[in-house]
Amino acid sequence: MTDRYAYVPHHLLRRRVRDIASGIEGALMAVINENVSAGLHPHWIELAYVRGPSGREFSTAVDNIEPAELHPHQLT
């Protein structure tokens, strides 16, 4: 890849998700494979962009997102 980023399809796009690192819930707006290196050697990571309750988007590692449905222990 020569670009600094590329959009990646994801099964949770436009759905409500939870960032397990922060606990913030919001809509998954995009997953982007980004070159985060400032040097000569590229370092590509997949970042999830989530629109939180304030309307602002934040990024987190794509492995940190999960569907925001209730977990079985939360039903009691």
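Start by selecting Tyr7, which, with a relative accessibility of 60%, counts as exposed. Keep in mind throughout the tour that the coordinates belong to a predicted model. Now add Tyr5 to the selection; Tyr5 is partly exposed, its relative accessible area being 48%. These two residues bring you to the one aromatic pair that the structure holds. The ring centres of Tyr5 and Tyr7 lie 6.1 Å apart and the ring planes stand at 90 degrees, so the pair is edge-to-face.

**The whole chain**

Zoom out and colour by secondary structure. The protein chain contains zero helices and six strands, and from the N terminus on the order of elements reads β-β-β-β-β-β. Of the 76 residues in the protein chain, buried residues make up 30%. If you show the surface, about 5,400 Å² of the protein chain is exposed, with carbon and sulfur atoms supplying 54% of that area. Among contacts between residues at least 6 apart in sequence, 44% join residues at least 24 apart.

**Strand 3 and its partners**

Select residues 25–35 next, which form strand 3; nine of its eleven residues are buried, so this strand is largely enclosed by the rest of the structure. With strand 3 highlighted, bring in its pairing partners one at a time. Strand 1, residues 5–7, pairs with strand 3 in the antiparallel sense over three bridges, and here Ala6 has Asn33 as its bridge partner. Strand 2, residues 16–19, also pairs with strand 3 in the antiparallel sense, over three bridges, and in strand 3 it is Gly26 that stands opposite Val17. Strand 4, residues 44–51, is antiparallel to strand 3 and pairs with it over eight bridges. Return to Asn33 at this point, whose bridge partner in strand 4 is Glu46.

Then follow the chain from strand 4 to strand 5, two antiparallel strands joined by five bridges; to see one of the pairs, select Leu47 and its bridge partner in strand 5, Ala61.

**Loops and hairpins**

Move to the loop between strand 1 and strand 2, where Arg14 is found. Although Arg14 is not a glycine, it has a positive phi of about 65 degrees, and at 61% relative accessibility this residue counts as exposed. In the hairpin of strand 2 and strand 3, which has five residues between the strands, select Gly23, which takes a positive phi near 85 degrees. The hairpin of strand 4 and strand 5 likewise has five residues between the strands, and there Gly55 takes a positive phi near 95 degrees.

Stay in the loop between strand 4 and strand 5 and select Pro53, which counts as exposed at 74% relative accessibility. Leaving out residues up to four places away in sequence, Pro53 touches Ile24 and Glu25. Draw a distance from the C-alpha of Pro53 to that of Gly26: the two are 6.1 Å apart in space, although 27 residues separate them in sequence.

**The nonpolar core**

In soluble globular proteins, nonpolar side chains tend to be buried together. To see the largest nonpolar core of this model, select Leu12, Val17, Leu28, Val31, Ala48, Val50, Phe58, Val62 and Ile65, nine residues in all. Strand 3 and strand 4 are the elements that give two or more residues to this core. Centre the view on Val17, whose contacts beyond four places in sequence include Leu12, Leu28 and Val50; among the other residues that Val17 touches are Glu66, Pro67 and Ala68.

**Salt bridges**

Finish with the charged side chains, where a search of the whole structure finds four salt bridges. Which residues are linked with Glu25 in a network of salt bridges? Arg16, Arg18 and Glu66 are linked with Glu25 in this network. Glu25 is itself partly exposed, with a relative accessible area of 23%. Its salt bridge with Arg16 has the closest N and O atoms 3.3 Å apart, while in the salt bridge between Glu25 and Arg18 the closest N and O atoms are 2.8 Å apart. Arg18, at 11% relative accessibility, counts as buried.

The last selection is Glu57 together with Arg51, which form a salt bridge whose closest N and O atoms are 2.8 Å apart. Glu57 is partly exposed, with a relative accessible area of 40%, and Arg51 is partly exposed as well, at 37%.

Conventions: Residues numbered from 1 in each chain as written. Predicted model: local features only at pLDDT ≥ 70, side-chain atom pairs only at ≥ 80, totals over all residues. Heavy atoms only, no water. Buried < 20%, exposed > 50% of the residue type's maximum accessible area, 1.4 Å probe, protein only. Helix = DSSP H or I, 4+ residues; strand = E, 2+ residues; numbered from the N terminus. Pairing = 2+ DSSP bridges. Phe/Tyr/Trp six-rings, centres within 6.5 Å; stacked < 30°, edge-to-face > 60°. Contact = heavy atoms within 4.5 Å. Areas by Shrake-Rupley, 256 points an atom, 1.4 Å probe, with all protein chains shown as cover. Core = buried A, V, L, I, M, F, W, Y, C linked by side-chain atoms within 4.5 Å.
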